[in-house]
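Got the viewer open? Let's take a short tour, one selection at a time.

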Amino acid sequence: MILLGGGIPLLWNLSGQVSGCAGFGPEYEIVQSLVFLLLATLFSAVTGLPWSLYNTFVIEEKHGFNQQTLGFFFKDALKKFVVTQCILLPVTALLLYIIKIGGDYFFIYAWLFTLVVSLVLVTIYADYIAPLFDKFIPLPEGELKQEIETMAKGIDFPLTKVYVVEGSKRSSHSNAYFYGFFKNKRIVLFDTLLEDYSALNKEPAEGEDGENEDTKSKTKNKKQGCKNEEVLAVLGHELGHWKLGHTIKNIIISQMNSFLCFFLFAVLIGRKELFAAFGFYDTQPTLIGLMIIFQFIFSPYNEVLSFCLTVLSRRFEFQADAFAKELGKAQDLHSALIKLNKDNLGFPVSDWIFSMWHYSHPPLLERLQALKDAKQE
C-alpha cells in the first residue's frame, strides 16, 4: 500500500516542508534525510505497536511467558525508540556525508565507516546500552562461578567477568551469551536459565503480593531453568562457538557482504529509472537510493544469502554441540536442551523443508540424536 500509494515520496516531501520550516532549504539534503528517517521510524513504531502489544499481551501471555505490565511495556518501547534515534541519526548523517564527499571510491570509505561503527556498537552494547533496559549483576561467588572460570581457563578463554541479567522482568524465555574483543571477554547468563537464581522460581516474600510497578510474578507448578551442571554444558556449547572461530567467521562473512552491497550500490545509484520507479522523478536523494537498493533491489539476493547463513548457522550449532561433547558435557547438554525446549515451549517435531529454510538452530530431536552416542558412552 505504501509503494502503490506513493508513500515514500509523500513522506520525503513532508520532510522537506518540516526542514524548510526550520530554515533548511532543499540544498540541505542530509537534514531532510534525517527528518525523513525520524518520521519513517516513528511511523513504523506506531503502526507496529498493535502487533507488538498482541504478541506480548495475548500470545506470550497465553503461554505464560510475558512478565511485563502495560506500563513497563510502553516505558520500554519509548526508551528503545529514543536510544535507537540517538544512534541511528548521527550514524546516518555521517554515512551520507561520506558518500557525498567520497568521490569515485566512496563505497570503500562508506564500508570502512560501517565496519568501525559495527565494531564499536558490539563493544559498548553490553556495557552501556543493554544496562539501560535490564539490570546486570555479577554472578555471586560460589561453586557455579568457580566451575565457569575453571572451564574457561581450560580452553584458554580470556574471561574477565560473569554477569547475571534479570531477564525475568521482561520474559520467562532464557538465554546465555558472551561478548567482548581480545582479552576482555565476559559471559552473560539470563536469570531464567539458572534454576538457583531465577526470580520465577522464588516465592514472594511475606507481605508481598508478587507484583510491583514494572513486572508481575506468574505462579508455576514446576521449576524453571537448569542445574549448575547443565548450565556449564550450555556454556560449553557457547564457548565452542568462540573456540571454533564461529564468531570471527560470521563477522568476516558479514563484512564481505557489506562491501559487496556498497559496491553494487555505487554501480546502481546513478540509475535514474530506479528512483522514477519509486516516484522520484526530479530528485535522487542518497538516503532514498540506499533504501531502494538495499531494501528492494537486493531483496532476492538477501533471501538467498539468508538461506545460506541459516545452513551455516545450523552447521555451527552441531559443531558447538560436538565441542561441548568433547568437554565431557554430552549428558548434561542432552538434559539441558530438553529442559530449555520445555521452558520455551518448543515443539520437537519440524517439517524438514520449513526447518531447513527458517531454523538457524537444528530441531531438538536432531541435536539429541547427535549427542546420543556420546551419552550412551
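Before we click anything, a term for the road: a residue counts as partly exposed when its relative accessible area falls between 20% and 50%, while under 20% is buried and over 50% is exposed. Keep in mind, too, that you're looking at a predicted model.

**Stop one: Glu-29 and Lys-100.** Select both and show their side chains. They meet in a salt bridge, with N and O 2.9 Å apart. Now colour the helices they belong to: Glu-29 sits in helix H2 (residues 29–62) and Lys-100 in helix H3 (residues 70–101), so this pair ties together parts 71 residues apart in sequence. Is each partner buried or exposed? Glu-29 has a relative accessible area of 18%, so that residue is buried. Lys-100 comes out at 44%, so that one is partly exposed.

**Stop two: Asp-76 and Lys-80.** Stay in helix H3, where both of these residues lie. They are four residues apart, about one turn of the helix. Their side chains form a salt bridge too, at 3.6 Å from N to O. Asp-76 is buried, with just 6% relative accessibility, whereas Lys-80 is partly exposed at 43%.

**Stop three: Lys-339 and Glu-230.** Jump along the chain and select this pair. What joins them? A salt bridge, with the closest N and O atoms 3.0 Å apart. Lys-339 belongs to helix H11 (residues 330–343) and Glu-230 to helix H6 (residues 228–243), so here the bridge ties together parts 109 residues apart in sequence. Glu-230 is buried, at 7% relative accessible area, and Lys-339 is partly exposed, at 23%.

How many salt bridges are there if you count them up? The count comes to seven, and the pairs you've just visited are among them.

**Stop four: the annotated stretches.** Time to bring in a database record. An unreviewed UniProt entry lists residues 30–54, 81–99, 105–126, 259–281 and 287–312 under "transmembrane region". Try selecting two of these in turn:

- Residues 259–281: this stretch is 70% helix and 0% strand, and its end C-alpha atoms are 29 Å apart.
- Residues 287–312: here you get 96% helix and 0% strand, with the end C-alpha atoms 32 Å apart.

To finish, go back to Glu-29 and Lys-100 and trace helix H2 and helix H3 once more, with that salt bridge tying them together.

Conventions. Residues numbered from 1 in each chain as written. Predicted model: local features only at pLDDT ≥ 70, side-chain atom pairs only at ≥ 80, totals over all residues. Heavy atoms only, no water. Salt bridge = Lys/Arg side-chain N within 4 Å of Asp/Glu carboxyl O. Helix = DSSP H or I, 4+ residues; strand = E, 2+ residues; numbered from the N terminus. Buried < 20%, exposed > 50% of the residue type's maximum accessible area, 1.4 Å probe, protein only. UniProt positions renumbered as here; feature names shortened; annotations may be inferred.
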